[in-house]
Amino acid sequence: MFLIPEVIREIFHYFSTPLHLHELNSFPWYLGHVCASWRAVFMTMPLHFWNKLDITLDFMDNLYDNPLRRKNRYELMLHVLRFFLDRTNRHPFSFQLERRFQCLEGEEDYIGSVLEMLVAESTRWEDVFIRYQQSHVPILYRARNRLPLLRSVQLLRSRFDGEQSLGYDLLEGASCLRSVSIADLCEWQMDWTQLRVLKIGQFHQGERLLSVLSQAKQLEKLAIYQSFSGFDLEPSTTLLSFESLRVLTVTEVGLLSIFYAPCLEELYINGWDDEDTVDNAITSFLLGSSCHLKRFGMAGCSAASLSIILRHTPDLIHLNLDNGTSMVRSFDDLIFHRQRPDKLPAARYLQSLTLLDSGLSDLELMELCTLLGSRARRITDDAGDVLVDKLRRLSIVMLDRSAQYCERGVVERLRRQCQGQEVQFTIDEAANMPWPRHDNTRILDW
């Protein structure tokens with residue numbers, strides 16, 4: 001049956017996908033095999049099939065003992081990469097290149113060839129993630145002053161195997177850059193005032209961090225993963241105002257003392273510090289900013305700390321809970337007791353709960369079942385005010401792979417209860433999730 005090109009494009013729209021160079025069979029090549037007209041349309045849809053490229057080299061672990069197959073696979077990848085770059089037909093494209101932690105002999109030459117082909121087209125880059133190593137620095141630096149379309153970039157070192165660093169002025173002329181994720185703040189030179197997303201792995205000078213943050217006033221998402229390592233904030237430190245900030249992740253809660261973020265909706269914190277320090281820092285920040293958090297996550301918090309924090313976050317709809325041995329008490333604070341409707345639970349509007357499971361006991365899981373049952377539906381008072389909202393999503397993140405986990409009777413009970421209450425229930429492995437687990441600031445949406 002003959003179809004006009006417009007109809008074919010509409011059909012193909014539902015198959016839009018990145019090209020995974022390491023998993024070629026996942027790409028819908030078959031759409032171009034039906035007939036000549038379908039192939040013509042398939043090859044000329046750069047916004048659907050030829051605008052995103054994913055290169056993840058961990059799959060080469062399966063070819064560890066077969067150097068010939070490994071060589072052939074890299075040569076095939078280079079051939080397909082050239083085909084992809086030709087298909088983009090001068091259109092912008094995005095990519096992520098995730099190299100292996102330790103490559104075998106000869107692999108670096110192939111990876112270097114991949115980088116050279118990509119850097120040659122850097123004037124067309126839009127969203128880029130690169131995990132590079134020492135030998136790649138000279139190749140990547142050739143992209144300097146050739147990044148007119150670059151919108152977001154993540155640059156991470158795979159390992160520290162040399163002194164030569166990536167040129168800190170590499171991104172200086174990228175006028176469209178709005179999102180940046182870098183492993184080390186160092187002396188990077190760029191227009192911080194235009195950024196909307198900033199993620200920093202580590203910094204060596206607190207003064208440098210404060211200088212950058214004082215310029216990045218337009219941030220909507222900010223993540224800082226390193227603690228101070230000896231850097232102390234002075235009492236006279238100027239308060240940093242972020243009027244547009246929506247998402248904040250900090251490992252060091254002391255940073256909150258210099259932040260003012262009235263529009264903040266999501267906060268993710270590492271709480272492995274003195275309990276009083278954590279409580280005071282977060283409480284002071286929430287009261288000072290007068291923000292209304294919708295999502296909150298805290299690694300290593302005690303049940304007592306969580307109770308205090310939840311008093312100041314009445315509008316929460318999502319909670320990431322990771323407090324080790326305090327789970328039972330935390331669950332109890334979230335349970336709605338029908339016999340005591342006058343005692344409202346913490347986070348009564350909660351709809352989504354994520355738990356980091358470092359070994360939940362049967363008792364803790366049974367208490368979780370009780371929590372789930374108490375929030376099986378929305379309950380209101382006579383005036384129509386919500387006493388407790390329905391929990392709609394429950395996610396458990398396991399730290400360690402365990403084939404027996406899902407076979408536990410109490411886990412199966414929890415699964416059946418979720419099914420009966422129409423609650424979306426998932427069990428994930430931490431190793432398969434982006435780091436850190438309590439941070440949802442993503443730059444690239446693959």
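**Figure 1. The largest nonpolar core of the predicted model, centred on Leu248.** The largest nonpolar core in this predicted model contains 125 residues. Trp125, Leu171, Trp192, Leu198, Leu248, Phe259 and Phe285 are the members with the most contacts inside this core. Apart from neighbours within four places in sequence, Leu248 is in contact with Leu222, Leu256, Phe259, Leu264, Glu266, Leu267, Tyr268 and Phe285. Two of these partners, Phe259 and Phe285, are also named among the core residues with the most contacts. In soluble globular proteins, nonpolar side chains tend to be buried together.

**Figure 2. Strand β10 and the strands paired with it.** Strand β10 covers residues 247-250. Its side chains alternate: Val247 and Thr249 point one way, whereas Leu248 and Val250 point the other way, and all are buried. Strand β8 (residues 221-224) pairs with β10 in the parallel sense over four bridges. Within this pairing, Lys221 stands opposite Val247. Strand β12 (residues 266-270) also runs parallel to β10 and is joined to it by four bridges. Here the bridge partner of Thr249 is Tyr268 of β12. Tyr268 is also one of the residues in contact with Leu248.

**Figure 3. Aromatic pairs and the cluster that includes Trp50 and Phe83.** The count of aromatic pairs comes to 19. In the pair formed by Trp50 and Phe83, the ring centres are 5.8 Å apart and the planes lie at 75°, so the arrangement is edge-to-face. Trp50 is in the loop between α2 (36-42) and β2 (52-56), while Phe83 belongs to helix α3 (residues 67-87), so the pair ties together parts that are 33 residues apart in sequence. Trp50 is buried, with a relative accessible area of 0%, whereas Phe83 is partly exposed at 27% relative accessibility. A further edge-to-face pair joins Phe84 and Phe93, with ring centres 5.9 Å apart and planes at 85°. Phe84 is buried at 0% relative accessibility, and Phe93 is buried at 0% as well. One aromatic cluster is formed by Phe12, Phe27, Trp29, Trp38, Phe42, Phe49, Trp50 and Phe83.

**Figure 4. Charged side chains over aromatic rings.** Arg87 lies over the face of Phe83, at 5.7 Å from the ring centre. The ring of Phe83 is thus shared with the edge-to-face pair to Trp50. In another example, Lys217 lies over the face of Phe242, at 5.8 Å from the ring centre.

**Figure 5. Helix α4 and its surroundings.** Helix α4 runs from residue 107 to residue 119. At 1.5 Å a residue, its 13 residues should span 18 Å, and the end C-alpha atoms are 18 Å apart, which agrees. Its buried residues are Glu107, Tyr110, Ile111, Gly112, Val114, Leu115, Met117, Leu118 and Val119. The elements that cover them include β2, α3, β3 (93-98), β4 (125-132) and α5 (137-141). Arg90 is placed in the loop between α3 and β3, and is exposed, with a relative accessible area of 69%. The C-alpha atoms of Arg90 and Glu121 are separated by 8.8 Å, with their positions 31 residues apart along the chain.

**Figure 6. Helix α10 and the elements that cover it.** Helix α10 takes in residues 362-374. For its 13 residues, a rise of 1.5 Å a residue gives an expected span of 18 Å, which agrees with the 18 Å between its end C-alpha atoms. Glu364, Leu365, Glu367, Leu368, Cys369, Leu371, Leu372 and Ser374 are its buried residues. Their cover includes two helices, α9 (327-334) and α11 (409-420), and the strands β15 (352-357), β17 (386-388) and β18 (393-398).

**Figure 7. Positive phi at Ser290 and Glu422.** Most residues other than glycine have a negative phi. Ser290 has a positive phi, near 55°. This serine sits in the loop between α7 (275-289) and β13 (295-299). Its relative accessibility is 48%, so Ser290 counts as partly exposed. Glu422 likewise has a positive phi, of about 60°, although it is not a glycine. Glu422 is found in the loop between α11 and β19 (424-429). With 67% relative accessibility, Glu422 counts as exposed.

Conventions
Residues are numbered from 1 along each chain as its sequence is written. This is a predicted model: local features need pLDDT of at least 70, side-chain atom pairs count only at pLDDT 80 or more; totals for chains, interfaces and linings use all residues. Side-chain values use heavy atoms; hydrogens and water are left out. The expected span of a helix is 1.5 Å times one less than its number of residues. Buried means under 20% relative accessible area, exposed over 50%, partly exposed in between (1.4 Å probe, protein chains only). Contact means heavy atoms within 4.5 Å. Two strands pair if DSSP finds at least two bridges between them. Rings of Phe, Tyr and Trp (its six-membered ring) pair if their centres lie within 6.5 Å; planes under 30 degrees apart count as stacked, over 60 as edge-to-face and the rest as tilted. A charge sits over a ring if NZ of Lys or CZ of Arg is within 6 Å of the ring centre and within 35 degrees of the ring normal. A nonpolar core is a set of buried Ala, Val, Leu, Ile, Met, Phe, Trp, Tyr and Cys residues joined through side-chain atoms within 4.5 Å.
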